[in-house]
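Here is a guided walk through one protein structure, written for someone new to reading them. Keep the picture open beside the text and look up each residue as it comes along.

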Amino acid sequence: MKPPVHKLLLFLWTGLVWAHGGHYLPASGPGAFDFRPARTLPAVELRSHENKPVLFPPKGPAVLLFGYTQCPDACPLTLGRLLPAYEALGAPPQLRLWLLSVDERDTPQTLQRYLQGFAPVQGLTGRPEAIRPIAEAARVEYNLAPGGRLVFHTDALALLDAQGRLVRMLYGVSRLSTAKLKEEIAQLLR
């Protein structure tokens, strides 16, 4: 008995996504986009990985990774390169590093456990209706993958200025070197 065509197509599509290099969206290729003028992000209340309320966007320069704790590749790769870049810049105290979860299953407790290996990165989570407008403003897409375990998401970092405005998006960040991330963050701090 032949499998239904839609199941075969789903299988092939899923294989192509994985062959692409992970579960992030194909539109996540390397590149950058500058917002001129800087874009004001929606003001919403989120929860930190310490389960405290956080008014978003944060004040002060910040690097914001859109991701989630069960990400098998892009997020841990990016965090693994972001931290040495941050340290190479002297761990500037005014710079905040954030992981904004695009997976509604990520709780503050889940984020706290995950981020223990990535200090000083702080986690943010919230209701889907609070996170979706932030992602849209930053040109980030995400959705639950077939099977419901993974989240397809744009492989991206947002760079926020001292007023918490979006000034630059970096796409395909899991493929950027530590040196390139350091250079981008140094530009933000100037």
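D34 is partly exposed, with a relative accessible area of 30%. In this predicted model, the side chain of D34 meets that of R168 in a salt bridge, at 2.6 Å from N to O. This pair ties together distant parts of the chain: D34 belongs to strand 1 (residues 31-39) and R168 to strand 10 (residues 166-171), 134 residues apart. As a reminder, side chains of opposite charge can pair when their charged atoms come close.

How many salt bridges are there by this rule? The count comes to 8. Three of these pairs are set out below.

| Pair | Distance, N to O |
|---|---|
| D34 and R168 | 2.6 Å |
| D103 and R105 | 2.9 Å |
| K180 and E183 | 3.3 Å |

Look next at K180 and E183. Both residues sit in helix 5 (residues 178-189), 3 residues apart, which is about one turn of the helix. An α-helix has 3.6 residues a turn, so residues three or four places apart point the same way. K180 is partly exposed, with a relative accessible area of 29%, and E183 is partly exposed too, at 44%. Through salt bridges that share partners, D34, R36, R168, K180, E183 and E184 are joined into one network.

In the pair D103 and R105, the aspartate is buried, with a relative accessible area of 5%. Its partner R105 is partly exposed, at 39%.

**A charged residue without a partner**

D106 is found in the loop between strand 5 (96-101) and helix 3 (108-115). Is this residue buried or exposed, and what is the nearest side chain of opposite charge? D106 is buried yet has no salt bridge, and the nearest side chain of opposite charge, R105, is 6.7 Å away. A salt bridge needs the two charged groups within 4 Å, so the distance of 6.7 Å to R105 is too long for one. Leaving aside residues up to four places away in sequence, D106 touches Y68, T69, S101 and T125.

**Helices with a buried side**

Just after that loop comes helix 3. Its buried residues are P108, T110, L111, Y114 and L115. Because they cover an arc of only 160 degrees around the axis, they lie on the same side of helix 3. These buried residues pack against strand 2 (44-48), helix 2 (74-88), strand 5 and strand 6 (122-125).

Helix 4 (residues 128-137) can be read in a similar way. Which of its residues are buried? They are A130, I131, I134, A135 and A137. Their arc around the axis is only 165 degrees, which puts them on the same side of helix 4. On the other side of helix 4, E129 and E136 are exposed. Helix 4 is followed by R139, whose phi is positive, near 60 degrees.

Helix 2 is also the place of A85. This alanine is buried, with a relative accessible area of 0%. Although A85 and L181 are 96 residues apart along the chain, their C-alpha atoms are separated by 6.1 Å. Not counting residues up to four places away in sequence, A85 touches T178, L181, K182 and I185.

**Two cysteines, and no bond**

How many disulfides does the structure hold? It holds 0 disulfides. The sulfur of C71 has its closest cysteine sulfur in C75, 3.3 Å away, which is too far for a bond. A disulfide calls for two cysteine sulfur atoms within 2.5 Å, and therefore this pair does not count as one. Both cysteines are hidden from the surface in the sense used here: C71 is buried, with a relative accessible area of 6%, and C75 is buried, at 1%.

**The whole chain**

Now step back from the single residues. The secondary structure of the protein comes to 5 helices and 10 strands. Of its 190 residues, 49% count as buried. The protein exposes about 9,500 Å², and carbon and sulfur atoms supply 58% of that area. Among contacts between residues at least 6 apart in sequence, 73% join residues at least 24 apart. The pair A85 and L181, 96 residues apart along the chain, is a good place to return to in the picture.

Key:
Residues are numbered from 1 along each chain as its sequence is written. This is a predicted model: local features need pLDDT of at least 70, side-chain atom pairs count only at pLDDT 80 or more; totals for chains, interfaces and linings use all residues. Side-chain values use heavy atoms; hydrogens and water are left out. Helices (H or I, at least four residues) and strands (E, at least two) are DSSP runs, numbered from the N terminus. Buried means under 20% relative accessible area, exposed over 50%, partly exposed in between (1.4 Å probe, protein chains only). Lys and Arg count as positive and Asp and Glu as negative; His and the chain ends are not counted. Contact means heavy atoms within 4.5 Å. The arc is that of the directions from the helix axis to the C-beta atoms. Accessible areas come from the Shrake-Rupley method with a 1.4 Å probe; for residues, only the protein chains shown count as cover.
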